[in-house]
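Open the model in your viewer and keep the selection tool at hand. We will go stop by stop.

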Amino acid sequence: MVIDTGNNLNPASGAASGSAKARATPTGRNAPAAEYSPAPAAQDSVSLSPQGQTLAKLSTELSQSPDVDQDKVAAVRTALAEGRYQVDAQAIAGKMLEQDDLLG
C-alpha cells in the first residue's frame, strides 16, 4: 500500500498545498454538482407467465377459504357422541405403512 502525501487531504498542510478550493474539490471534478446528478431511473415492471398467473389466482382463492371444514367437524363430533363413528384400525395401519414406505 502506498500513501500519497500530496493528495491535499491533510488540513495541516493547507498553506503548502494551495487554496482551500483546490483541497475541497476532488481531482477531475471541477464541474458543478448538478452536472453529476444521476438520470431518472426507468420504472421496473413484472410480467407473469400464464402458469404464474394461475398460481397467483389459486393462492388467493386458497387464502380466502377456511382451513377447517367446520361442518365435517360437527358431523364427526355428533357421530362420536352418539356412538355411530366406527374406526377401521386395519385401514389406518395400512395407510401408516404406505406413508412409511414413501419416507424410505
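Begin with helix H5. Its 15 residues should span 21 Å at 1.5 Å a residue, and its end C-alpha atoms are 21 Å apart, which agrees. Keep in mind that this is a predicted model.

**Stop 1: along H5**

Select residues 89–103 to light up H5. How many of its 15 residues are buried? The number is 0, so H5 lies largely in the open.

Now go to the start of H5. Show the side chain of Asp-88. One of its oxygens reaches to within 3.3 Å of the backbone nitrogen of Gln-90.

Move to the other side of the helix. Just after H5 comes Gly-104, with a positive phi of about 110°.

**Stop 2: Ile-92 and its patch**

Select Ile-92, which sits in H5. Is Ile-92 buried or exposed? Neither word fits: its relative accessibility is 44%, so Ile-92 counts as partly exposed. The cut-offs are under 20% for buried and over 50% for exposed.

Add Leu-80, Tyr-85, Val-87 and Met-96 to the selection. Together with Ile-92 they make a nonpolar surface patch of about 530 Å². Turn on the surface to see it.

One general point helps when you look along a helix. An α-helix has 3.6 residues a turn, so residues three or four places apart point the same way.

**Stop 3: helix H4**

Select residues 70–82, which form H4. This helix has 13 residues. From first C-alpha to last it reaches 18 Å, close to the 18 Å expected at 1.5 Å a residue. H4 is hardly covered, with 1 buried residue among its 13.

Step just past H4 to Gly-83. Its phi is positive, at about 80°.

**Stop 4: a charged pair**

Show the side chains of Glu-82 and Arg-84. What do they form? They form a salt bridge, and their closest N and O atoms are 2.5 Å apart. Side chains of opposite charge can pair when their charged atoms come close. Both Glu-82 and Arg-84 are exposed. A search of the whole structure finds 1 salt bridge.

**Stop 5: the whole chain**

Zoom out and colour by secondary structure. The chain has 5 helices and 0 strands. Read along the sequence, the pattern is α-α-α-α-α.

Finish with the surface of the whole chain. How much of the chain is buried? Buried residues make up 3% of its 104 residues. The chain exposes about 9900 Å², and carbon and sulfur atoms supply 57% of that area.

Conventions: Residues numbered from 1 in each chain as written. Predicted model: local features only at pLDDT ≥ 70, side-chain atom pairs only at ≥ 80, totals over all residues. Heavy atoms only, no water. Patch = residues over 30% accessible without salt bridge, like charges linked within 9 Å, V, L, I, M, F, W, Y side chains within 5 Å. Areas by Shrake-Rupley, 256 points an atom, 1.4 Å probe, with all protein chains shown as cover. Salt bridge = Lys/Arg side-chain N within 4 Å of Asp/Glu carboxyl O. Helix = DSSP H or I, 4+ residues; strand = E, 2+ residues; numbered from the N terminus. Buried < 20%, exposed > 50% of the residue type's maximum accessible area, 1.4 Å probe, protein only. Expected span 1.5 Å × (residues − 1). Polar contact = N/O pair within 3.5 Å; in protein donor to acceptor, adjacent residues only side chain to side chain.
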